[in-house]
Every structure is written in structure tokens, then in C-alpha cells.
Amino acid sequence: MDKFRIKGGKVLRGTVAISGAKNSALPVMAAALLTAEKVTLHNIPKVRDLITMSKLLAFMDAKVSVTEMPASDYVIEALKLNHVEAPYELVKTMRASVLTLGPLMARVGMARVSLPGGCAIGARPVDLHLKALEQMGAEIETSHGYIEARVPKGRLKGAHIVFEKITVTGTENILMAAVLAEGETVLENAAREPEVTDLVEMLGKMGAEISGHGTSTLRIRGVDQLHGTEHSVIPDRIEAGTFLVAGAITGGELMITHCEPEHLGAVIAKLGQAGVPIEIVNKTTMRVQGAKRLVGADVTTEEYPGFATDMQAQYMALATQAEGTSVISETIFENRYLHASEMIRMGANISVDGRKGVVRGPAQLSGTTVQASDLRASAGLVLAGLVASGETTIERVYHIDRGYEGIVEKLRGVGADIERVHGAAS
Ligand code: EPZ
């Protein structure tokens, strides 16, 4: 298993280009199952989850062509889907495989998808996805660890769905189910994340009729069929946010390009409150500088447009360096503080009580060996390693490889002393 070795204390300076958003690329790749025609996708980040998604589509007999591997351009042609199944072997490595359920139900009227289990950050059920599909006329059984779903009438029917809780992939799955359903579907309390809006945009290019994008009520008028299209996914707002913290925490200056500052409103505001100077240079570029004085600021994670749970671990790393107390409230996932115990081992003053994390700073962190437990926790540990004295070794970095394209190369490019140490295959 690969590790990262970081020698802390380097000031980061230079320019970093942000890659495409993993959490946009996953649903738009799944959406290619909705048509027999060719779908060309650009700006797909070169990360492990997208390779897993391409394997899953290929397993279903979609033709996935790439010019390089890992690829940033994919051409997907789902002429005929012979295996409407997402097997356990793939789902266990990537929960987002469940995003194929909606498109399969819409296009073929049946699907067998392994139930994604819990993961390190929480139980993460998919009950709301299934309930909504049932409202649309699907018959669903779960047995032997699989969701077995079929549409007895051949075609899903539009329905009025009110999500009990805001769910990002749930909204995406049901959007993809509804675009080919008979009649109108109304989704209330839908997720408003930019990744959902990106999917709506791509589906629109394929001929879907959707209104209300960017709001919590989406109206979808089902059409008989969709056609091929070409689409470029939006920049990864979480990667951009992670580099904002990297610039701020090391006292450097980073120009962050190919991003959409507009998608980072809550993060930019919170970092500003903590004393981090951020300048929006233009629609796709931001400049961040190290704070003259970093001060603690409380934060509560929320659905978009609130402060993203996917930025919580990175913010915690920053808070360890801020003067005073920062109270972090995690409202989305029940167990998303696994990085805290590792930061404490590095010398941070953090106490966690349920969904609350209290960070008292500033603390001089010192390098040691720590374990990455999930994607964003790993990013938080990398940031902590950048300011720790001495050497930090981060184990199990396969988590970070799932979602950050070339993080070692990008950080080295702006002056970080970080290297990947290759280990035996796990
Ligand atoms: C998406 O996960 C993202 N993944 C996550 O990013 C992100 O953390 C999360 O949204 C929240 O923003 C992808 O887009 C692929 P949810 P998702 O359904 O859709 C509960 C990362 O690091 N819930 O919005 O799985 C759920 O347990 C990842 O890139 C139900 O109870 O999250 C959670 O508490 C991690 N029943 C809350 O809702 C359901 O049927 C929000 O989850 C569905 C969700």
C-alpha cells in the first residue's frame, strides 16, 4: 500500500490548476447509460473512482473508449446493456455505483445493484432512493445483499416525490430515472449542489425536459428517448477548497486556476472570518494568502449552499493553527471525525463529542505516522502534515487517490516537500 511522506514547514507559492469534479463526473458517466448514442465527456479527473465507474459501465456492456488511462476524456456508447447489474466487487470499492440504479430502471426497466454498505463516515443508507423509485412504480426487493428492482409496467411513471432528507446522489438517481418516465415528476427538497446542476445541464443537452435547476424543486417531464451529447464537467470545488486551506495554512500565496469561486461561497466566507485573505481574481481564478493572524471561527456543515461536509476535515486542520477556539458541528454524517484522533496524535488540541469537534489553537503539530480513513480525512491529514515539524507519514493513501488528481505532483509544484512511497499492492 502506498504512503505519503511529508516534510512540513514549507511555504507554498505558485499556481495550481483544479481538475474536474469527481462528484460530477460520477453521475454524468452513469447518465450515459440513458441513451444508445455516443456520449463524450471531458474534464473527468484522473482518479480511481472514475476508473471504477468505467469498469462498471463496461461490465454492463457499454463501450467505454479512452485515449489514455487514467483518462480525462471518455466516450461512452451504451448501445445495448446486457448485464444490468452492479456487482458487489465494484460497489464495495465505490458506493457511488448505486448511481447506475436510476438510469438502468429508466432505460431497461430492471436492475440488480449490490447494496452499498456503511462506510467509515456513517451508515449511509439508500432508503430514500428506493422509496422514490417505488413511488414511480418500481418493485424493489432487497435480498442476499442486492437491490433487485424492476418496473412491472415496463416504464416508470412520473410521481410527486418529497425527499425526507436532502440527498445528493438520491436526487441524481431519481432525476436520471425520471427523464425517461411517463409524465411529470416533481422532486421537492432536492439537493442543490453544483454537481446536481451539472447533471441537469448534461441531461438537458441529451434532450431531457427539466426545470428548476439550482433550486430545491425540480420538475421533470419524461421524454421517450434521449440522444447522445458532449459535456465537460465542472471544476472540483472541494479540491479548490483544499488548496485554499493549503495556501492559508502554510503562510504562502497560491493562485488557484480553472475553478469556480462561485461554488465556494460558504468556504470563502468562513476562511475570511478566520483571517485568510482570498481574492476572487476572475470567474475561474482565486488568490489565497497566508493569514497575518489566523483566528478560530465556528463552523457548521450543511447542504449546499452551506459549508460542505467534504471540507470539514481540511477546515479542522486549519483550525489547529488558529488562535482561540473553533467549534465544528458536523450535521451531515454521524462519524466524520476520524481524522481528529490522528491530528491529536500530531499534537492538536481537539475534543470530539458526538457531532461536535472543539479545536483549541494554535498548536505546534509534530510529524508522525498517521492513518488515512476516508477521502477527505486524508486531505485533512496532508494539510496537517504540511505545517507539522519534521516528517509525517500518511498510510492508506488509496483513500486520497479515489478523489484527488495528482495531489502529490500539484503540491510539489508549489513547493511542498511531499513524496509518494510505493508499497506492495494491497
Ligand atoms: C454525496 O454523497 C457525495 N458523494 C459525498 O462526497 C458528500 O459528502 C455527500 O454527498 C454530502 O454532500 C457523491 O456525490 C458521489 P447524501 P451521498 O445522500 O449522496 C442520509 C466525498 O468525499 N441519507 O447527500 O451519498 C445520509 O446517510 C463524498 O467525495 C439517508 O438517510 O450523500 C447522510 O446522512 C463522501 N438515506 C445524508 O442523508 C438515503 O437514502 C446526506 O447524504 C440517502 C442519504
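**Notebook: cores, a helix and a loop**

I started at Leu 175 and listed its contacts, skipping residues up to four places away in sequence: Leu 187, Val 196, Leu 199, Val 200, Leu 203, Ile 210, Leu 218 and Ile 220. Note to self: this is a predicted model.

Next I looked up the cores. The largest nonpolar core holds 77 residues. Leu 175 turns up there again, since Leu 34, Leu 175 and Leu 203 are the ones with the most contacts inside this core. Helix 1 gives the most to this core, 6 residues. I also found a second, separate core of 69 residues, with Ile 18, Leu 386, Val 397 and Val 408 among them.

Then I went to helix 1, residues 22-31. Is this helix enclosed or open? I counted 9 of its 10 residues as buried, so helix 1 is largely enclosed by the rest of the structure. The buried ones are Lys 22, Ser 24, Ala 25, Leu 26, Pro 27, Val 28, Met 29, Ala 30 and Ala 31.

Last stop: Leu 115. Where is Leu 115 found? I located it in the loop between strand 7 (110-114) and helix 5 (127-135). Its relative accessible area is 33%, and buried would need under 20%, so I put Leu 115 down as partly exposed. Leaving out residues up to four places away in sequence, I saw that Leu 115 touches Val 91, Val 126, Thr 142, Gly 145, Tyr 146 and Ile 147. I also checked Glu 89, which is 26 residues from Leu 115 along the chain; their C-alpha atoms are separated by 11 Å.

Terms used
Residues numbered from 1 in each chain as written. Predicted model: local features only at pLDDT ≥ 70, side-chain atom pairs only at ≥ 80, totals over all residues. Heavy atoms only, no water. Buried < 20%, exposed > 50% of the residue type's maximum accessible area, 1.4 Å probe, protein only. Helix = DSSP H or I, 4+ residues; strand = E, 2+ residues; numbered from the N terminus. Contact = heavy atoms within 4.5 Å. Core = buried A, V, L, I, M, F, W, Y, C linked by side-chain atoms within 4.5 Å.
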